[in-house]
Amino acid sequence: MGVDYELPNDNRKYILGNSSSSIDELEILQQKEDTHLSRTRRVKAVLYGVGAVGSLIATELLRRKGVEAVGAVDTAEEKVGKDLGDVIGLGRHLGTAVSNDIDSVLSKVDADIVVHATSSFLKDVYSQIVAVIKNGVSVVSTCEELSYPYATDRRSAEEIDRLAKEHGVTVLGAGINPGFLMDTLVIVLTSVCQKINRIEVKRVMNATTRRAPFQKKIGAGLTVGEFEEKMRTKIITGHVGLEQSIMMIADALGWKLGGIQVNAVEPIIADRSTQTQAAKVEPGCVAGLRQTAMGMKRGKPIIVLDFQAYVGATEEYDSITIDGTPAIHEKISPCIHGDIGTVAMIVNSIPKVLNAPPGLVTMKDLPIPSAWTEELEPT
Ligand SMILES: NC(=O)c1ccc[n+]([C@@H]2O[C@H](COP(=O)([O-])OP(=O)(O)OC[C@H]3O[C@@H](n4cnc5c(N)ncnc54)[C@H](OP(=O)(O)O)[C@@H]3O)[C@@H](O)[C@H]2O)c1
């Protein structure tokens, strides 16, 4: 039997797989009042932002049987008007042109979900998310600050929640980090603890194999002077999300923090020459960066996050250390690949978002994250 998900707000049912019948895909079964199933169709998704990550997500969605991409939106001039298949490098046409107008796209298609991947910052995505909500469609977004927007701007977060409830839709910010490795996974591990004194999370990744925008974001290839200037002028941002992860963990544990201390971003200097897809990194130049942040209680750090991403990192890992009862030392080595993990987190979240109550939700509010196990086979 497949797993049934009741959708409380509109009497629809989303079913994930069903090995006892010919239905082997995520389907929406629209129920009539007499409970006889009247319609069977695939989940309709609109891609909002088809850059590096949006294109990878689109490719993965197209591989899954139960989802179809019914529209795509991006403001990049070179993408608007082009076939989605060309924009994401699929090698074939999909018959869907990329538009620069989300309202126009959503007015023409009966979308179930918008998969959003345009920007890291709440102030930039706020109007985009609100536009989707007002069209009555749920959203799952890669926006880092949306993963726990209460850390950035509580008023905007509450307004998104209010509007989503008003329009009967669900909004989730997700991804690998923030969204999983430095927050959700930590929260899950704490469930076996009777007592917790302190949590330390470390992610060390080799940026050589990551997408070009990520390498740019961490300053790979810049001189130290260029790095400092671009950081100062916010042309490069580094990793976004440590505050969001800390606050999500603290709220899940019911910890009242005295504050969150975000330390200055430190460049990591290359000791050898490396050529990547996006940058030539010379010895003495910036290979990437280290960012740390701490959740403080009574002047002491009780949640410590340490993020390092640089070209040429030889040991890659994700580690979580909980000083508690029992003590926990978890290590994933090599670290989870950020792009693969992000795409999986976003796509795997879709059924959970479609079945969540209306409003702004975060990863800690949803059922335990999982893959759609019956959907992983290529079509
Ligand atoms: N939470 C996580 O774990 C996680 C993981 C990976 C990525 N992310 C985040 O996801 C976002 C997307 O990443 P990416 O690498 O795909 O970035 P990207 O390559 O820059 O792609 C973003 C695309 O969205 C377009 N865009 C920007 N503003 C838009 C708007 N208002 N309406 C429609 N399209 C718009 C951009 O066009 P222009 O190029 O013309 O601006 C670009 O084509 C980034 O902020 C990234 O940091 C989060």
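Between which two elements is the loop where P178 is found? In this predicted model, P178 is found in the loop that runs between β9 (170-173) and α6 (184-190), and the legends below return to that loop after an overview.

**Figure 1. Overview of the predicted model, a protein with 10 helices and 19 strands.** Of the 379 residues of the protein, 45% count as buried. Among the contacts between residues at least 6 apart in sequence, 69% join residues that are at least 24 apart. The mean pLDDT of the protein is 89, and 88% of its residues reach 70 or more. Over residues 17-25, however, the pLDDT is below 50, and this stretch has 19 contacts in the model beyond near neighbours in sequence. Residues 29-39 also have a pLDDT below 50, with 12 contacts in the model beyond near neighbours in sequence.

**Figure 2. Close-up of helix α1, residues 52-63.** The helix has 12 residues, which at 1.5 Å a residue should span 16 Å, and this agrees with the 17 Å that separate its end C-alpha atoms. The buried residues of α1 are V53, G54, S55, L56, I57, A58 and L61. An α-helix has 3.6 residues a turn, so residues three or four places apart point the same way.

**Figure 3. Close-up of the ligand and the 24 residues that surround it.** The closest of these residues are G51, V53, A76, T142 and G175, and V53 is also one of the buried residues of α1. Helix α1 supplies three residues, the largest share of the shell around the ligand. By type, the shell divides into 13 polar residues, eight nonpolar residues and three charged residues.

**Figure 4. Close-up of two cis peptide bonds, one between N177 and P178 and one between S333 and P334.** Most residues other than glycine have a negative phi, and most peptide bonds are trans. For the bond that joins N177 and P178, omega is about 5 degrees, and P178 is in the loop between β9 and α6. For the bond that joins S333 and P334, omega is about 0 degrees, and P334 lies in the loop between β18 (328-332) and α10 (338-354).

**Figure 5. Close-up of K234 and R298, each with a positive phi although K234 is not a glycine and neither is R298.** Phi of K234 is near 60 degrees, and this residue is found in the loop between α8 (224-232) and α9 (242-253). K234 is exposed, because 9 other C-beta atoms lie within 10 Å, and a residue counts as exposed with 12 or fewer. R298 has a phi of about 45 degrees, and its place is in the loop between β15 (286-297) and β16 (300-310). R298 likewise counts as exposed, because it has 6 C-beta neighbours inside 10 Å.

**Figure 6. Close-up of L94, in the loop between α2 (84-87) and β6 (98-99).** L94 counts as partly exposed, because it has 18 C-beta neighbours inside 10 Å, a number that falls between the limit of 12 or fewer for exposed residues and that of 20 or more for buried ones. In sequence L94 and D83 are 11 residues apart, while in space the distance from C-alpha to C-alpha is 6.6 Å. Leaving aside neighbours within four places in sequence, L94 is in contact with A69, D83, L84 and G85.

Conventions:
Residues are numbered from 1 along each chain as its sequence is written. This is a predicted model: local features need pLDDT of at least 70, side-chain atom pairs count only at pLDDT 80 or more; totals for chains, interfaces and linings use all residues. Helices (H or I, at least four residues) and strands (E, at least two) are DSSP runs, numbered from the N terminus. Two residues are in contact if their C-beta atoms, placed from the backbone, lie within 7 Å. The expected span of a helix is 1.5 Å times one less than its number of residues. A residue is near a molecule or strand if its C-beta atom, placed from the backbone, lies within 6 Å of it. Ala, Val, Leu, Ile, Met, Phe, Trp, Tyr, Cys and Pro count as nonpolar, Asp, Glu, Lys and Arg as charged, and the others, Gly among them, as polar. pLDDT is the predictor's confidence in each residue, from 0 to 100.
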